[in-house]
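Here is a short tour of a protein model, written to be read with the structure open beside you. Have a look around, then read on.

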Amino acid sequence: MATTIHTENAPAAIGPYVQAVDLGNLVLTSGQIPVNPATGEVPADISAQVRQSLENVKAIIEQAGLTVADIVKTTVFVKDLNDFATVNAEYERFFKENDHPNFPARSCVEVARLPKDVGLEIEAIAVRK
């Protein structure tokens, strides 16, 4: 049975979806755009957008009782693949800072447009051991 995950430490859903679902052994997040949940602001810089999106994912995963180290897969949607090196650098820094034993499997795709015209969106799957 799926349980809905919600935290005030990540942006509220802006449509008919939830922040995440907990399936017992798996937690699947919805895509997280770089909205600061406290202020509603979106950073202009793509590196800061990566960090905010990942912090939002982290808040949701932690609400489910897991850690960043439990994330096994991410999908990154970027508006401009020319930002790939910047996205990679911040992504790597985040997972190292959060003691991930390796890195999650990942897909990264360029998309035409994202909600609120942000530069990227990140979703994750975490495993409960």
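## A word on exposure

A residue is called exposed when its relative accessible area is over 50%, buried when that value is under 20%, and partly exposed in between. D99 has a relative accessibility of 62%, so D99 counts as exposed. Those cut-offs will come back several times below. Please keep in mind that the model is predicted.

## Overall build

The protein contains two helices and six strands. Going along the sequence, these elements appear in the order β-β-β-α-β-α-β-β. The C-alpha trace spans about 40 × 35 × 25 Å along its principal axes. For 129 residues, a compact globule would have a radius of gyration near 14 Å, and because the protein has 14 Å, it agrees with that expectation.

How much of the protein is buried? Of its 129 residues, 42% count as buried. Contacts also reach far along the chain: taking those between residues at least 6 apart in sequence, 70% join residues at least 24 apart.

## Surface and charge

The accessible surface adds up to about 6600 Å², and carbon and sulfur atoms account for 52% of that area. As for charge, there are 17 negative and 11 positive side chains. The centres of these two sets are 3 Å apart.

## The nonpolar core

The largest nonpolar core has 25 residues, and the members that touch the most others are V27, L54, I61, I71, V76, F95 and L120. At least two core residues come from each of α1 (46-63), β4 (71-78), α2 (84-97) and β6 (120-127). Helix α1 gives the largest share, with seven residues.

I61 is a good place to zoom in. Setting aside residues up to four places away in sequence, I61 touches V27, T29, L66, T67, V68, I71 and A126. Two of these partners, T67 and A126, are 59 residues apart in sequence, yet their C-alpha atoms are 8.4 Å apart in space. T67 sits in the loop between α1 and β4. With a relative accessibility of 40%, T67 falls between the two cut-offs and therefore counts as partly exposed.

## Polar residues along helix α1

Is N56, a residue of helix α1, buried or exposed? N56 has a relative accessible area of 1%, so it is buried. Apart from neighbours within four places in sequence, N56 is in contact with N9, A10, P11, Q32, I33, P34, V35 and P37.

Q52 belongs to helix α1 too. Its relative accessible area is 16%, which is under 20%, so Q52 is also buried. Beyond residues up to four places away in sequence, Q52 touches P34, V35, N36, P37 and P43. P34, V35 and P37 are among the contacts of N56 and also among those of Q52.

K58 is another residue of helix α1. Not counting residues up to four places away in sequence, K58 touches V68, F94 and N98. K58 and T4 are 54 residues apart in sequence, with 16 Å between their C-alpha atoms.

## A buried threonine in β4

Strand β4 holds T74. This threonine is buried, because its relative accessible area is 2%. Once neighbours within four places in sequence are left aside, T74 is in contact with Y91, F95, P104, A105, R106, S107, I122, E123 and A124. One of these partners, F95, is also listed among the core residues that touch the most other members. Another partner, S107, is 33 residues away from T74 along the chain, and the two C-alpha atoms are separated by 6.5 Å.

## Two loop residues with positive phi

Which residue in the loop between α2 and β5 (105-110) is worth a look? D99 lies there, and its phi is near 55°, a positive value in a residue other than glycine. As noted at the start, D99 is exposed, at 62% relative accessibility.

K116 lies in the loop between β5 and β6. Its phi is near 60°, again a positive value in a residue other than glycine. K116 has a relative accessible area of 54%, which is over 50%, so K116 counts as exposed.

Note on methods. Residues numbered from 1 in each chain as written. Predicted model: local features only at pLDDT ≥ 70, side-chain atom pairs only at ≥ 80, totals over all residues. Heavy atoms only, no water. Helix = DSSP H or I, 4+ residues; strand = E, 2+ residues; numbered from the N terminus. Rg over C-alpha atoms; globule rule 2.2 N^0.38 Å. Buried < 20%, exposed > 50% of the residue type's maximum accessible area, 1.4 Å probe, protein only. Contact = heavy atoms within 4.5 Å. Areas by Shrake-Rupley, 256 points an atom, 1.4 Å probe, with all protein chains shown as cover. Lys, Arg positive; Asp, Glu negative; His and termini not counted. Charge placed at Lys NZ, Arg CZ, Asp CG, Glu CD. Core = buried A, V, L, I, M, F, W, Y, C linked by side-chain atoms within 4.5 Å.
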